[in-house]
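Colleague: I am new to this structure and would be grateful for a close look at a single part of it. Please take one strand and describe its surroundings step by step.

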Amino acid sequence: MTGRPLSRRRTLKSAVGAAALTVAAAAGAPSAAASAGPDAEQTEKPTVVLVHGAFADAASWNPVTERLQHQGHPVIAAANPLRGLTHDAAQVAARLAAIPGPVVLVGHSYGGAVVTQAAATAPNVKALVYVSAFVPDAGEVLGELAARFPGSQLDAALTPVPVPGADGTTAIDLYIRPDRYHEVFAQDVAPPTTWVLASGQRPLSASAFTDRVSGAAWHTVPSWTLISTRDRGIVPELQRFQAARARSRTVEVPTSHLPMYSRPGAVVALIRSAARTVTA
C-alpha cells in the first residue's frame, strides 16, 4: 500500500459519515428510487375500481382500499347510486370511461350486478372480481335469480320506505333493519363496527330487483370470485352457481356477506391475483 496514512481527524470524519448513512437507512430515509413517490410503482399496475353494494357506500371498501394502496395499487372506490340497475350501471360506466389505462373492476353484493352490466360497454376493463356478489347473465332479473336458491335471510330483514320517485310517482327504498344488520349482513364482524355501518347505510331502490340486465361482461372478460361460505344475504349455493357459469377463478372463504371487514386480506389477495394478469 502506498501514499500517506490517513490522519486521525480524517479517520474520525469518515467513520461519522458512514454511521450517519447507516442511521438514515435504518430510519427509512428516502433513496433516489423511493423519492420518485408511489406513482413510480403504480404506473406498472392497472387501476382497481371498487364498486360497493346495497345498504353501504364507498367507505365499506376502506379496509381493502388501504391495503391495496399500501401495496402500490391505484384505487378508486366508486360511488354506486343504488337507484336501480340501469341507472347505476350507466353511472359506473361513465366513471370507467374517464380512467386512462386498464382497469380491474371489483363488485361486492349488488355491486356485482352493476359491474357486470357496466363493463359490457367499458373496453378498458380487463378483469372482473366478484366479492360475495350477484353475477347475473344478460336478460336476468336479480329478484328471480336470488329466488333460484332459497335460504337468504335478507328479505325478512328489509324495511320498505315510500319515497318520491324521479317521475313524480311513489317509489320504494329498502333498508336493513338496524337490529338485524349484524345477524344477517355481518355476523363475524365486531358488533360496534356493524352498529356504525347499520346507522350509516344507504338505501337501495326496490327497482334494482326488477330491472333486467342488458349485458354481461363476464362472457368476454376473465373473472375471479370470492364465495362467502357463511353468507346469509346471497346464499353460497347461488354464488357457486354463478361462478361456475362464468368460469370464474374461485376461492371460498368462511365469512359473512361482509368479507371486506372480516377477511380483508383474502379480498385483497384475490384482487391482486386478477391485477397480476393485466398489463398496464
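**Strand β1 and its surroundings**

Modeller: In this predicted model, a suitable place to begin is V51, whose bridge partner in β2 is A78. That pair belongs to a set of 4 bridges joining β1 to β2, and the two strands run parallel. Towards β3, β1 is joined by 5 bridges, again with the strands running parallel. Within this pairing, V48 stands opposite V104 of β3. Strands of a sheet pair through backbone hydrogen bonds, in either a parallel or an antiparallel manner.

The burial of β1 comes next. Of its 5 residues, 5 are buried, so the strand is largely enclosed by the rest of the structure. Both of its faces are covered: T47, V49 and V51 lie on one side, V48 and L50 on the other, and all are buried.

The sheet around β1 should now be described. It is an open sheet of 6 strands with parallel pairing, in the order β2-β1-β3-β4-β8-β9. Because β2 (75-78) and β9 (249-253) stand at the edges with a single partner strand each, one side of each is left without a neighbour in the sheet. From one strand to the next, the twist averages 15°. Further along the order, β3 (residues 103-108) and β4 (residues 125-131) run parallel and are joined by 6 bridges. Among the residues in this pairing, G107 has Y130 of β4 as its bridge partner.

Two helices that pack on the sheet touch β1. Helix α3 (residues 62-70) touches β1 (47-51) and β2, and its direction makes about 165° with that of β2. Helix α12 (residues 264-275) touches β1, β3, β4, β8 (223-228) and β9, and its direction makes about 165° with that of β8. These helices also meet one another: the axes of α3 and α12 come within 9 Å and cross at roughly 50°. That angle makes α3 oblique to α12. Their crossing is right-handed. The contact is made by P63, V64, R67 and L68 of α3 together with P264, V267, V268, I271 and R272 of α12.

The side chains of the neighbourhood can be followed through L105. L105 touches V49 and V51, as well as L96, V115, A119, V125, A127, L128 and V129, leaving aside residues up to four places away in sequence. In the largest nonpolar core, which has 75 residues, those with the most contacts inside it are L96, L105 and L128. In soluble globular proteins, nonpolar side chains tend to be buried together.

L96 leads on to another pair of helices. Helix α4 (residues 85-97) packs with helix α5 (residues 110-118) at an angle of about 60°, their axes being 8 Å apart. The angle makes α4 oblique to α5. As it passes α5, α4 makes a right-handed crossing. From α4, L85, T86, D88, A89, V92, A93 and L96 meet Y110, A113, V114, Q117 and A118 of α5.

To return to the starting point, β1 is joined to β2 by 4 bridges and to β3 by 5 bridges, and both of its faces are covered.

Note on methods
Residues are numbered from 1 along each chain as its sequence is written. This is a predicted model: local features need pLDDT of at least 70, side-chain atom pairs count only at pLDDT 80 or more; totals for chains, interfaces and linings use all residues. Side-chain values use heavy atoms; hydrogens and water are left out. Two strands pair if DSSP finds at least two bridges between them. Axes are lines fitted to C-alpha atoms, for helices over the stretch in contact, and angles run from 0 to 180 degrees between N-to-C directions. Contact means heavy atoms within 4.5 Å. A nonpolar core is a set of buried Ala, Val, Leu, Ile, Met, Phe, Trp, Tyr and Cys residues joined through side-chain atoms within 4.5 Å. Buried means under 20% relative accessible area, exposed over 50%, partly exposed in between (1.4 Å probe, protein chains only). Angles under 35 degrees count as roughly parallel, over 145 as roughly antiparallel, 65 to 115 as roughly perpendicular and the rest as oblique. A crossing is left-handed if the near helix is turned anticlockwise from the far one by less than a right angle, and right-handed if clockwise.
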